[in-house]
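User: Please take a close look at a single helix in this model. I would like to know how it sits among its surroundings.

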Amino acid sequence: MKKSSVLITPKKLNLQDCYDFVQAASCGGIALFVGTVRNSTKNKEVSLLDFSAYEPMAIKEMQKIADLALTKFQIHKLAIHHAVGELQIGDIPVIIAVSSAHRNAAFEACQFAIDTLKETVPIWKKEHFEDGEVWVNSHP
Amino acid sequence: MKIQLLFFGIATDLVGENSVFIELKSAATISELKKDLLKKYSKLKNIEDFAIAVNEEYGENDLVLQENDVVAIIPPVSGG
């Protein structure tokens, strides 16, 4: 049985797919983290975000996070899905879903997965403003 | 020896390329490559730092490169 679902897609992410993948009779809970596009950065209005990825490597790094989470925490299954392309305010760039017998493991694994993704997975976002655009994290 | 370079994120914009093939002395390390890159593409100095991936895996500075390696310039990531 597959314990993890890792996906990068130009399509709209599907919350139900992530939920259905991790849901199981042996589990007492499911933790979900849903990243959403915020309408401002440092008080500046954002018009849209453009995500790009080094896709084959990003998939490998996401799989490493999933495999590590499955050994580190007492969890049943997890899904890590990330969108690429242009996203509007309120759209969903990332979903992490984790199921476990007891809730603490699911919360901890969920936080571990999103924190590690933000550090290691080769995905980049460009913020578009009314008056220009900026690659996030890239400037001294 | 010949290697392929891939650029992503802000590096693509600074260099103006997605992918190029370059000649490198044989058995060059990642830190030697980084020095070469900063000379060849001085605009890369505008990024605070960048990581290097070799054949889709992060590489440390002392990693020795080989002919036909695919080497990616990884600016600070910002997924999620």
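What follows is a close reading of helix α3 of chain A, with its chain as the setting and a short stop in chain B.

Analyst: A caution comes before the details: this is a predicted model.

Start with the chain that holds the helix. Chain A has 3 helices and 9 strands. Read from the N terminus, its elements follow the order β-α-β-β-β-α-β-β-β-α-β-β. The C-alpha trace of chain A spans about 50 × 25 × 25 Å along its principal axes. Its radius of gyration is 16 Å. A compact globule of 140 residues would have a value near 14 Å, so the two agree. Of the 140 residues in chain A, 36% count as buried. Contacts in the chain also reach far along the sequence. Take those between residues at least 6 apart: 76% of them join residues at least 24 apart.

Now the helix itself. α3(A) covers residues 103–120, which makes 18 residues. From its first C-alpha to its last it reaches 26 Å. That is close to the 26 Å expected at 1.5 Å a residue.

Which residues of α3(A) are buried? They are Ala105(A), Ala106(A), Ala109(A), Cys110(A), Ala113(A) and Leu117(A). Seen down the axis of α3(A), these buried residues fall within an arc of 130°, so they line one face of the helix. A residue counts as buried here if 20 or more other C-beta atoms lie within 10 Å of its own.

What does that buried side pack against? The buried residues of α3(A) meet four partners in chain A: β2 (29–35), α2 (55–72), β5 (77–83) and β7 (94–100). One of these partners is a helix, α2. The others are strands.

Turn the helix over. The face away from the buried side of α3(A) carries Asn104(A), Asp115(A) and Glu119(A), and these are exposed.

Chain B offers a strand to set beside this helix. Strand β3 of chain B, residues 51–54, pairs with β5(B), residues 70–74. The pairing is antiparallel and runs over 4 bridges. Within it, Ala51(B) stands opposite Ile74(B). β3(B) also pairs with β4(B), residues 57–58, in the antiparallel sense over 2 bridges. There, Ala53(B) stands opposite Tyr58(B). β3(B) and β4(B) form a hairpin with 2 residues between them. In that turn, Asn55(B) has a positive phi of about 50°.

Back to the helix, in brief: α3(A) packs its buried residues against strands and a helix of chain A, and its other face carries exposed residues.

How values were computed:
Residues are numbered from 1 along each chain as its sequence is written. Chains are lettered from A and ligands numbered from 1 in the order in which they are written. This is a predicted model: local features need pLDDT of at least 70, side-chain atom pairs count only at pLDDT 80 or more; totals for chains, interfaces and linings use all residues. The expected span of a helix is 1.5 Å times one less than its number of residues. A residue is buried if 20 or more other C-beta atoms lie within 10 Å of its own, exposed if 12 or fewer, and partly exposed in between; C-beta atoms are placed from the backbone. The arc is that of the directions from the helix axis to the C-beta atoms. Two residues are in contact if their C-beta atoms, placed from the backbone, lie within 7 Å. The radius of gyration is taken over C-alpha atoms; the globule rule is 2.2 Å times the number of residues to the power 0.38. Two strands pair if DSSP finds at least two bridges between them.
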